[in-house]
Each structure stands twice: as C-alpha cells, then as structure tokens.
Amino acid sequence: MFTLGRTGDTSSALDVTVDLIQDQTWLSSTSGAVAFAAEEATATLAFSRSDFSSGVTQSGTLTATVDSVSGYDTSAAMVSVSVISQEGPAITVSFEETEYSVAEDVGTFEAILVARAAPGVPYVEAFRVSVSASDIDASSPDDYSAYSENLTFVPTDFAEVNGSLVGKIAAILTIVDDETYEEDEQFGLALESVAGASTEIGLLDPNGDSCNFICRDHYPITIVDDDGNAVTVSFEEPAYSVDEGGSTTIKVVLSEDPERTVTVPFVTMNQGGASSTDYHGVPISVEFNSGDTGKSFTITAVQDFWNDDSESVQLGFGDLPAGVTAGTYATTTVTIIDDDEGDPALNVGTPAGYWTVSPGSEVLHPDVVELNANLFKLDSCTGRKNFKVFRAGPGDGRQADRWEAYIARHGAVGDVSHEFRTDQGNPKYTSLYGTIWLDGEGSLNIRIRGWLGTDGLGEWSPAVSLICQETQE
C-alpha cells in the first residue's frame, strides 16, 4: 500500500497518476490512479497478493513516483519497497527450540524468540509479539511464575545470517524450586499476536505451521524434578510364618535410596478365620528417610487356647505417595501356626501376656489347696467356696471400673459368680475375690477382663484352673 499526502488547498477533489517502476514484471500495469476526495489530505494506492504474477519468482524493488500535478510540487513524491517473491509472510516468528527441558532448581532461564526475514528483505522495522505462559500439568505459581509479556524486536536486534536478517530476543522465565517429589511437569509458551509493523509477519507453532493471530499449540517446557528418585517398594519375602505365641520380623525394601522422606502405608486382610486379636505389631505405616532402603517391624502371634488352624493375615500397601510404586512383592502373607489340641470348650480365652493372673498366697477357705502357679485343688465338692486371685492392669495407664469373669465348665461344677469384687482403693493393682457354688466333682477355668465403661481393656487373661475332686479315704 502506497499512501500519498497533499498540502495547501484541499477543498477540491484531485486525481493523481502514480508511475510504477519494477525490477521484475510482477504487476501487469506500470501505473496506478490515486483519487483525493474533496477536503481529504491523503489517498492510497493498494495492491493485494493476487495483483502480483505468480510466474515471477525473483525478488526486487518496486518504486512509485508521481507525475507532475498542476499547482503541486511532486519532486519528493517517490518511495521504494522491497518485493519478496515467496510463499508466506516476509518475516516469521517462532521460538528457537520446539520444546525446552529445565531443572527444577534452575531459577530463571531464557526461551529465545527468533524473527527470520525472508531472503531479499533489506531491513526490518520495530514490532511487538505477545507471549504468555499457561499450565499443562505444572501450575503457576506453585511450579513457575506467571508470565505474560509484549516482547519488542527493534532493527538493532537483527543481523545477517546466511543472506537473511535474523533477530533474537529472550523471554525470561522463573521456575519454582520446591521440596516436594513430583513427576516431571510441563507448562507451555504461546505466541499470541503481533503489533506495530507494516510488514507482513507470521507466527509459527512448534510444528512450523502458521498461526492466525494466536498459536493454539504451545511450546512445551518440561520441569525436571530434583526432589529424589522414583522408587519401588516391596516386601522382602512373599510369605512368612509365625508360631502361636511367637514373633516374626517383616522387612520392607525400596529399590534405591529415595533421597527424601517416604511414608509407606499398610493395609491388612485377615484370612482363614483370623482376626485382629490373633496378632499384633502391624504398624499403620513405615517411614523411609533419605539414605534408607529397608525397614522392619515385628508381628507377634497371640497365644490362645483355640484349635484354629489355617489362620493368616495378608499385608499390602495402601495409597503410595508420588514417585513410589509397588514392586515385585506388593503383598505378603503371614501364616499363624496353631499349637492347640483338644476340646476348646475347656480353654476359652485369648492371649497370655496381656494380663498376668496368679494365685494368691491367702485362701478364704481351708479346703482350697495350691497345686501350682495357676491351679487350685478343692478337696470338698459341695457348698460355697471362696477364692482370691491377683491381677494387673493393661499397662497403658487406663484403670478399669469393673471386672468380668469368663467361665468354662467341665463336669458337675455348679454356679459361679460372674462379677468380681475388688479391694478398695486403686482398682489398677488389687486382688479379685470370687465365689463358687459346687454340687459335684468337675473342673472349670476362670479368665478375667477389665472394662472402662463400654470399652474392654486388653484381652481375656490366661486361665486360673479350679479342680474339685473328693478326697479318697
């Protein structure tokens, strides 16, 4: 487009002929008419791409001059433009790289924006390009600082490279260095618009395709995380076994040093009739610190008096943190080896070790005779018999407000009191008294358990056995 101006009297319309001098025969006409309207000081002569011959492939200069016009000085009415014979715009703008990869601790880095003039373009005037950053799976401001700037190319930014003018300026971006392990993340840079240039300028996306006003395809920037290694976690063995009343050690291993703190949660699944009262020692989670690759914990199988073969518990991992995946042995099964035989009806209760019950040295009836640590013999098998045992608390500071007995009978032993009385004073360490009504020979096992409101404290104690057998003359 050529723009002509006039000064002086503009009240009348004015027709002017512009002569066109071409290095190549791009245009079919060698002149063009320009019409000034009345009261107008400027008029234009415009050409479109279709006005130029596609058969002429050479570039060159097109010069416009104005014939003499009565009443006007036309000696300065001359201008030359460069005609670039090519497909596409005279200048293209893109980033130097189609994608970038930066370390999380880089701080700031420069993404270089490049403007390339087509061969034959003699100079480049100043123009602006709008550049902005947007989230992909990285997010601002947590992973990078927000960015939206107008970057300006000026003529001094350009230098000739292989016969064409090339200009470069930098978009300076800031990366946030956090201390949280994350997968590598991305955000994108977009070229949004061009302003301030009369030359045709085109924006290119990362694929090299032209964009109309805005490049929808972003130039991706990958932030490489520096907060440790991606690791796998496994149980050291796929299966363990433990004797009832015994313990076994479970080991959990990482594939390598995590270089950070990693918490691995556990889940349990009881199998074969097992319940949480059959074992203890499984933690909610284990924590690996930087430098750790193995952690162990001990599972103890509770000694009970039930003939309960085939019990086991399967251990697995809960929701694993970022950068941690399950490895070869994602589960392990701990089998409890039962050691009980016979009729369990005479031995009801769960494990030794939670409660300590032993016979007292005092007896409240002369026919109660101590046989061993947990066994009494009653010489008379009729009438009321009183007895006394000692008990200890659960070891966690809680105090029971009542005590309950669990009775297993065998033979003709009769009614038994199910509620125990305690000594006055601190109920945590006192003696327990009970009453038995006998009506024949037999035996029974007594187990005790403390309660605090509706909350059972600990497990049933080991049994105190009472045997009633008439003395033979």
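The questions and answers below go through a predicted model of one protein.

Colleague: How many helices and how many strands does the protein have?
Modeller: This is a predicted model, and its secondary structure can be counted along the chain. Strands are present, but helices are not. The count is zero helices and 37 strands.

Colleague: What share of the contacts with a separation of 6 or more joins residues 24 or more positions apart?
Modeller: Contacts in the protein can be sorted by how far apart the two residues are in sequence. Among those with a separation of 6 or more, the pairs 24 or more positions apart account for 71%.

Colleague: What percentage of the residues is buried, and what percentage of the exposed area comes from carbon and sulfur atoms?
Modeller: The protein has 473 residues, and 41% of them are buried. It exposes about 24,300 Å². The part supplied by carbon and sulfur atoms is 47%.

Colleague: Is Ser-164 buried or exposed?
Modeller: Ser-164 belongs to strand β13, which covers residues 164–174. Leaving out residues up to four places away in sequence, Ser-164 touches Ala-117, Ala-118, Pro-119 and Ala-159. Its relative accessible area is 13%, and the cut-off for a buried residue is under 20%. Ser-164 is therefore buried.

Colleague: Which strands stand at the edges of the sheet with the order β12-β13-β9-β7-β15-β16?
Modeller: This is an open sheet of six strands with mixed pairing. Inside it, β7 (residues 91–95) and β9 (residues 108–117) pair in the antiparallel sense over five bridges, and Val-93 has Ala-115 in β9 as its bridge partner. An edge strand has a single partner strand, so one side of it is left without a neighbour in the sheet. The strands in that position are β12 (158–161) and β16 (210–211).

Colleague: Why is one side of β19 left without a neighbour in the sheet, and which residue stands opposite Asp-243?
Modeller: An open sheet of five strands has the order β19-β27-β25-β21-β23. β19 (239–243) stands at one edge with a single partner strand, so one of its sides has no neighbour in the sheet; β23 (285–288) is also at an edge. The twist in this sheet averages 25 degrees from one strand to the next. β19 runs parallel to β27 (residues 331–337), joined by five bridges, and the residue opposite Asp-243 is Ile-337.

Colleague: Which residues form the covered face of β2?
Modeller: In a regular strand the side chains alternate between the two faces of the sheet. In β2 the uncovered face holds Asp-15, Thr-17, Asp-19 and Ile-21. The covered face is made of Leu-14, Val-16, Val-18, Leu-20 and Gln-22.

Colleague: In β5, which residue is the bridge partner of Ile-21?
Modeller: β2 is joined to β3 (residues 31–36) by six bridges in an antiparallel arrangement, where Asp-15 has Ala-35 as its partner. β2 also pairs with β5 in the antiparallel sense, over five bridges. In β5, the partner of Ile-21 is Thr-63.

Colleague: Which strand gives the most to the lining of the second largest pocket?
Modeller: The second largest pocket holds about 340 Å³ of space and is lined by 22 residues, with Leu-4, Gly-5, Phe-36, Val-66 and Ala-77 nearest its centre. At least two lining residues each come from β1 (2–5), β2 (14–22), β5 (60–66) and β6 (78–83). With four residues, the strand that gives the most is β1.

Definitions and conventions: Residues are numbered from 1 along each chain as its sequence is written. This is a predicted model: local features need pLDDT of at least 70, side-chain atom pairs count only at pLDDT 80 or more; totals for chains, interfaces and linings use all residues. Side-chain values use heavy atoms; hydrogens and water are left out. Two strands pair if DSSP finds at least two bridges between them. Axes are lines fitted to C-alpha atoms, for helices over the stretch in contact, and angles run from 0 to 180 degrees between N-to-C directions. Buried means under 20% relative accessible area, exposed over 50%, partly exposed in between (1.4 Å probe, protein chains only). Contact means heavy atoms within 4.5 Å. Accessible areas come from the Shrake-Rupley method with a 1.4 Å probe; for residues, only the protein chains shown count as cover. On a 1 Å grid over the protein atoms alone, a cavity is a set of points where a 1.4 Å probe fits but cannot get out, and a pocket is an open set with protein on both sides within 12 Å along at least five of seven lines; lining residues have an atom within 4 Å of a point. Grid points are joined across faces, edges and corners, and a volume is the space filled by probe spheres set on the points.
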